[in-house]
Amino acid sequence: VQLQAFGGGLVQAGDSLRLSCAASGGTFRTSTMAWFRQAPGKGREFVAASRRSGSTTNYADSVKGRFMISRDTPKNILYLQMNSLKSEDTAVYYCAADRGGNVILSSIANPHSYTYWGQGTEVTVSS
């Protein structure tokens with residue numbers, strides 16, 4: 001099983017960017033899939049999650065209303081549309097997936113709830 005994240009880059013504050021995460025080597029139809037990020041010198045932070053084949057989404061308060069997570073289930077691709085980017089969004093973004101939709105809501109933001117991780121894609125927002 002492999003997750004590959006891409007789409008990061010250098011943008012200005014207020015710009016938009018869309019990250020993608022391609023999953024291969026398995027089926028993720030029922031998996032909970034999520035985005036995390038890690039800024040320099042900080043721990044891994046939950047950003048957003050897609051549960052129940054995409055019918056339910058959850059967001060960190062810091063990105064609510066600006067970011068949108070979605071998934072193309074037949075193609076096994078997870079997206080993160082990021083709008084109104086701020087300098088504090090600068091981080092390496094990681095996609096993650098669990099084995100089969102077993103992440104409960106109270107654990108959605110815990111990195112240890114996820115089995116598979118992508119390699120990360122870097123997002124830099126200049127102010």
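**Close-ups of a predicted model**

**View 1. Lys-64 pairs up with Asp-61 in a salt bridge, with 3.1 Å between the closest N and O atoms.** Keep in mind that this is a predicted model. Both partners, Lys-64 and Asp-61, are exposed. In total, the structure holds four salt bridges.

**View 2. Asp-89 and Arg-66 join their side chains in a salt bridge, 2.8 Å from N to O.** This one ties together distant parts of the chain, 23 residues apart: Asp-89 sits in the loop between β8 and β9, and Arg-66 in the loop between β6 (56-59) and β7. Here Asp-89 and Arg-66 are both buried. Through salt bridges that share partners, they belong to one network with Arg-37 and Glu-45.

**View 3. Glu-45 meets Arg-37 in a salt bridge, also at 2.8 Å from N to O.** Glu-45 has 33% relative accessibility, so it counts as partly exposed. Arg-37, at just 5%, counts as buried.

**View 4. Arg-71, in strand β7 (residues 67-72), is buried but has no salt bridge.** Asp-98 is the nearest side chain of opposite charge, and it's 7.2 Å away. What you can look for instead are backbone oxygens by polar atoms of the Arg-71 side chain: that of Phe-28 at 2.7 Å, and that of Ser-50 at 3.1 Å.

**View 5. The largest nonpolar core has 35 residues, and Trp-35, Leu-80, Met-82 and Tyr-93 touch the most other members.** Several strands each chip in at least two residues, including β1 (2-6), β3 (17-24) and β4 (33-38). The top contributor is β9, with five. Zoom in on Met-82 and you'll find contacts with Leu-17, Leu-19, Phe-67, Tyr-93 and Val-123, among others.

Note on methods. Residues numbered from 1 in each chain as written. Predicted model: local features only at pLDDT ≥ 70, side-chain atom pairs only at ≥ 80, totals over all residues. Heavy atoms only, no water. Helix = DSSP H or I, 4+ residues; strand = E, 2+ residues; numbered from the N terminus. Buried < 20%, exposed > 50% of the residue type's maximum accessible area, 1.4 Å probe, protein only. Lys, Arg positive; Asp, Glu negative; His and termini not counted. Polar contact = N/O pair within 3.5 Å; in protein donor to acceptor, adjacent residues only side chain to side chain. Core = buried A, V, L, I, M, F, W, Y, C linked by side-chain atoms within 4.5 Å. Contact = heavy atoms within 4.5 Å. Lists of a residue's contacts leave out its neighbours within four places in sequence.
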